[in-house]
Amino acid sequence: MSKNQIIDKRQCDDVDGTLVFELDNGQETLGIEITTILQMIRIAEDQYFIPALGDTWWYLVQQRYPELQVDIDECLQIKNK
């Protein structure tokens, strides 16, 4: 994929729906799934590095990404696929 290229998933037959951000420093490329980023956001929110996003926001996120779950101690986890 070239720099700044966006793939339209509506035109792909083999896309599994997982959003991956591609980071390229010129020497190597690293892909980070949206679920990992959401976990990092939850940790930052829990540690007060960012403002609270609220229960409604997290509920909507869980509706869109059902593999995410908030366990009893409010830590965001990913269910095994």
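Colleague: How many aromatic pairs does a search of the whole structure find?

Modeller: This is a predicted model, where local features need pLDDT of at least 70, side-chain atom pairs count only at pLDDT 80 or more, and totals for chains, interfaces and linings use all residues. Residues are numbered from 1 along each chain as its sequence is written, and side-chain values use heavy atoms, leaving out hydrogens and water. Rings of Phe, Tyr and Trp (its six-membered ring) pair if their centres lie within 6.5 Å. Searching the whole structure on that basis gives one.

Colleague: Are the rings of Trp57 and Trp58 stacked or edge-to-face?

Modeller: Planes under 30 degrees apart count as stacked, over 60 as edge-to-face and the rest as tilted. The two ring centres, of Trp57 and Trp58, sit 4.8 Å apart, and the planes are at 90°. So that makes the pair edge-to-face.

Colleague: Is Trp58 buried or exposed?

Modeller: Buried means under 20% relative accessible area, exposed over 50%, partly exposed in between (1.4 Å probe, protein chains only). Trp57 has 33%, so Trp57 is partly exposed. Trp58 has just 3%, so Trp58 is buried.

Colleague: Which residue lies over the face of Trp58?

Modeller: A charge sits over a ring if NZ of Lys or CZ of Arg is within 6 Å of the ring centre and within 35 degrees of the ring normal. Here the distance from the ring centre is 5.0 Å, and the residue is Arg42.
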